[in-house]
Amino acid sequence: MLRDRTDSRAALWRTAAGQRGYFTAAQALDAGYSYQAQRYHAQRGNWLVVDRALYRFREFADLPGEGDEQLVRWSLWSKGRAVVSHATALAAHDLGTANPSRIHLTVPRGFRQKSDAVILHCAELAESDVEGRMGYRVTTPLRAIAECAADGDDQDVLDGAVADALEQGIVTRRKLIHAAQLLGPRAELGVERALGVIS
C-alpha cells in the first residue's frame, strides 16, 4: 500500500529530526520515497545533497547549529558503525583546545569505507567507553583522553583536556592513569606528563 506524500514526509521528518535533519537514501526509501522521488527532491532543492545517498532537510541547515552537526553526517556515512573519537571527541566534549582538521572515527575491524575527510582508527569499544548524543556516538572523556595520549597527540592539547576534565569533575587522576595503562606505555606517559603539569 502506498503512503500519501504527507505521511511519507512526516515519517522521514521524524527520523531526520533525531539526526539534526540528516537522513540516508535508505531511510527515505523506508519512509516511502522512491529513488526517483529522492532525485526529484534533491534536484528541486527541497533536500540538500550532503554526500552520496545522504541528504539533509533544508530547514535544518537554516537553524543555528551547535557545532557538532557534521558528526551526525559522519555517523550516517558509516551506517552507524563509527564512533567519534580521539581529538574530535575531545572537541565534542569541549575539553582543552583540540581542533583537528579531520574527523577522527573509531570503527570496527573489517570496516571498508574511506574518505579523505576522516581518520579511521580500528578498535572494538566497550559500551562503557561510549556515550550517545543526538544523532551520533562519541567516546567518553576518559577514553578520548587516553586515545589521544596513545596516539602521541600534541602534549599541550592533552594537558588542557586533562586539566579541564579534572576541573569539571568528570574524571579522576586514578581513572585517567588506569585508562591510559589499558592503551599502553605511550598513553600512560602522555597522561602522566599532563598530570605532572597540573600538580
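Let's start with Ser 75, which is buried, at a relative accessible area of 11%. In this predicted model, you'll find Ser 75 in helix α5. What does Ser 75 touch, once we leave aside its neighbours within four places in sequence? Its contacts are Gly 80, Gly 135 and Tyr 136. Here is another way to place Ser 75 in the fold: Pro 108 is 33 residues away from it in sequence, and the two C-alpha atoms are 13 Å apart in space.

Let me step back to the whole chain for a moment. We have 199 residues here, and 43% of them are buried. The secondary structure adds up to 10 helices and 8 strands. If you follow the C-alpha trace along its principal axes, the spans are about 65 × 35 × 25 Å. Contacts across the sequence matter for the picture too: taking contacts with a separation of 6 or more, 58% are between residues 24 or more positions apart.

And how confident is the predictor? The mean pLDDT of the chain is 91, with 95% of residues at 70 or more. Confidence is highest in strand β4, residues 83-84, at 98. Helix α4, residues 58-61, has the lowest, at a mean of 86.

Now, on to the inside. In soluble globular proteins, nonpolar side chains tend to be buried together. Here the largest nonpolar core has 37 residues. Which of its members touch the most others? They are Leu 90, Leu 105, Ile 145, Leu 176 and Val 191. Several elements supply at least two residues each to this core. On the helix side these are α5, α6, α7, α8, α9 and α10, and the strands are β5 and β8. So that you can find them on your screen, α8 covers 155-167, α9 covers 173-182 and α10 covers 185-198. There is also a second, separate core, with 12 residues, and Phe 23, Trp 47, Tyr 55 and Phe 57 are among them.

Val 191 is a good residue to click on. Setting aside neighbours within four places in sequence, its contacts are Ile 145, Ala 149, Leu 158, Leu 176, Ile 177 and Ala 180.

Two of those contacts, Ile 145 and Ala 149, bring us to helix α7. Is this helix enclosed or open? Of its 10 residues, 8 are buried, so α7 is largely enclosed by the rest of the structure. The buried ones are Pro 141, Arg 143, Ala 144, Ile 145, Ala 146, Glu 147, Cys 148 and Ala 149.

You may have noticed an arginine in that list. Arg 143 sits in helix α7, and its relative accessible area of 16% makes it buried. Not counting residues up to four places away in sequence, Arg 143 touches Ala 123, Leu 125, Asp 129 and Leu 183. Just after the helix, Gly 152 takes a positive phi of about 70 degrees.

How does α7 sit against α10? Their axes come within 7 Å and cross at roughly 110 degrees. That angle falls in the 65 to 115 range, so α7 is roughly perpendicular to α10. From α7, the residues involved are Ile 145, Ala 146, Ala 149 and Ala 150, and they meet Arg 186, Ala 187, Gly 190 and Val 191 of α10. By type, this contact has 6 nonpolar residues, 1 polar and 1 charged.

Before I finish, let me show you two loop residues with an interesting backbone. Arg 20 has a phi near 55 degrees, a positive value in a residue other than glycine. Its loop runs between α1 and β1. Asp 94 is not a glycine either, and its phi is positive at about 60 degrees. You'll find Asp 94 in the loop between α6 and β5. Buried or exposed? Arg 20 counts as buried, at 10% relative accessibility, whereas Asp 94 is exposed, with a relative accessible area of 59%.

One last stop, in strand β1, where Thr 24 lies. Thr 24 counts as buried, at 14% relative accessibility. Beyond residues up to four places away in sequence, Thr 24 touches Ala 53, Leu 54 and Leu 76. Thanks for listening!

How values were computed. Residues are numbered from 1 along each chain as its sequence is written. This is a predicted model: local features need pLDDT of at least 70, side-chain atom pairs count only at pLDDT 80 or more; totals for chains, interfaces and linings use all residues. Side-chain values use heavy atoms; hydrogens and water are left out. A nonpolar core is a set of buried Ala, Val, Leu, Ile, Met, Phe, Trp, Tyr and Cys residues joined through side-chain atoms within 4.5 Å. Buried means under 20% relative accessible area, exposed over 50%, partly exposed in between (1.4 Å probe, protein chains only). Helices (H or I, at least four residues) and strands (E, at least two) are DSSP runs, numbered from the N terminus. Contact means heavy atoms within 4.5 Å. Axes are lines fitted to C-alpha atoms, for helices over the stretch in contact, and angles run from 0 to 180 degrees between N-to-C directions. Angles under 35 degrees count as roughly parallel, over 145 as roughly antiparallel, 65 to 115 as roughly perpendicular and the rest as oblique. Ala, Val, Leu, Ile, Met, Phe, Trp, Tyr, Cys and Pro count as nonpolar, Asp, Glu, Lys and Arg as charged, and the others, Gly among them, as polar. pLDDT is the predictor's confidence in each residue, from 0 to 100.
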